[in-house]
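User: Could you take a close look at the ligand site for me? I am a first-year student, so please explain the terms as you go.

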Amino acid sequence: MVRPLADKVALVTGSTSGIGLGLATGLAKAGAHIVLNGFGDMSKIERARSTFETELGIRALYSAADMRDPDAIMQMMAYTEKTLGSIDILINNAGIQYVAPVESFPIEKWNAILAINLTSAFHTIRASLPGMRRNGFGRIINIASAHGLVASPYKSAYIAAKHGIVGLTKTIGLETAQDENITCNAICPGYVRTPLVENQIKEQAQAHKMSEEDVIHDVILAAQPNKRFVGIEELTDLVLYLCSDSAKSFNGAALPIDGGWTAR
Ligand code: NAD
């Protein structure tokens, strides 16, 4: 088995489900030690963690740190550094969604979305960059969204956070530009069929009294010209490429992987 990331340490926020779990699996298969983070059924999380160790021969940790809580984030970073060494690959992926018109958008949902989808990345980046600089290698990959580049109605907090993380990515790209092999990029996926999107499909089907198939085609994928979901394996391959030496001149970029959505 080719293990291009052998002995690298990768932390993926929000990796107990969906895209994050897929990316963590891809990084583990490439040989990286993994820190899983997020919420969910503890027995499933422990099964994923221990399977990484037994089947892939890497070390895998789990942190339940809540990405709304800066102290918990700093504890997760310190625990990682103490147990596995400094972080080489940081994937800021944790995210939630809430859909409502701005006048009725709950303030606590706005605060949670900004904290999880944007501010947590500020905390993880500032804590991991010194170790990357000591090692002369670092890859920071922020999972933004096509909604980091264009807007849709009723998603004010999500779109503000995703545009914000694209701006943060550009800034860190400039701040690391003089470091030989440290980069920071954002990936901007179109729709990926994960629990986050399954919830939207169900809500929209109820709200519009439509079948789930019609919601997928006419609502969810309305703006995505290729009319199909992006595969998690496509995102994994892009992340693995960004982690390679061949990608060391990608820096501060926001890379759409959206079936043509943002080409309009
Ligand atoms: P998901 O709901 O399947 O996974 C979200 C993950 O974040 C889970 O592991 C969850 O436990 C974790 N999480 C939620 N709140 C947290 C908190 N307070 N602290 C720590 N972890 C927390 O969603 P997904 O679709 O896999 O989304 C992952 C990322 O990809 C998000 O940033 C999302 O915005 C982005 N994204 C998703 C899509 C899509 O269509 N699914 C498209 C573009 C971008």
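Analyst: Here is a walk around the ligand, followed by two residues from elsewhere in the chain.

This is a predicted model, in which local features need pLDDT of at least 70, side-chain atom pairs count only at pLDDT 80 or more, and totals for chains, interfaces and linings use all residues. Residues are numbered from 1 along each chain as its sequence is written, and side-chain values use heavy atoms, with hydrogens and water left out.

Let's start with the neighbours. The ligand is surrounded by 31 residues, and the closest are S17, N93, Y158, V192 and T194; a residue is near a molecule if one of its heavy atoms lies within 4 Å of it. By class, this shell has 16 nonpolar, 12 polar and three charged residues. Here Ala, Val, Leu, Ile, Met, Phe, Trp, Tyr, Cys and Pro count as nonpolar, Asp, Glu, Lys and Arg as charged, and the others, Gly among them, as polar.

Next, the polar atoms. A polar side-chain atom of Y158 lies 2.5 Å from an oxygen atom of the ligand. For S17, an N or O atom in the side chain is 2.7 Å from a ligand oxygen. With N93 it is a polar backbone atom that lies 2.7 Å from an oxygen atom of the ligand. On its own the ligand has 830 Å² of accessible area, and the protein covers 93% of that (areas come from the Shrake-Rupley method with a 1.4 Å probe).

Which helices help to build the shell? Helix 1 (18-29), helix 5 (156-175) and helix 6 (195-208) each supply at least two residues, and helix 6 gives the largest share, three residues. Helices are DSSP runs of H or I with at least four residues, strands are runs of E with at least two, and both are numbered from the N terminus.

Now for the two other residues. T124 is found in helix 4 (residues 107-135). T124 has a relative accessible area of 0%, so it is buried; buried means under 20%, exposed over 50%, and partly exposed in between (1.4 Å probe, protein chains only). The side chain of T124 makes a polar contact of 2.6 Å with the side chain of N92. Such a contact is a pair of N or O atoms within 3.5 Å; within protein, one must be able to donate a hydrogen and the other to accept it, and residues adjacent in sequence count only if both atoms are side-chain atoms.

N142 belongs to strand 5 (residues 138-143). N142 is also buried because its relative accessibility is 0%, and its side chain is joined to that of T169 by a polar contact of 2.9 Å.
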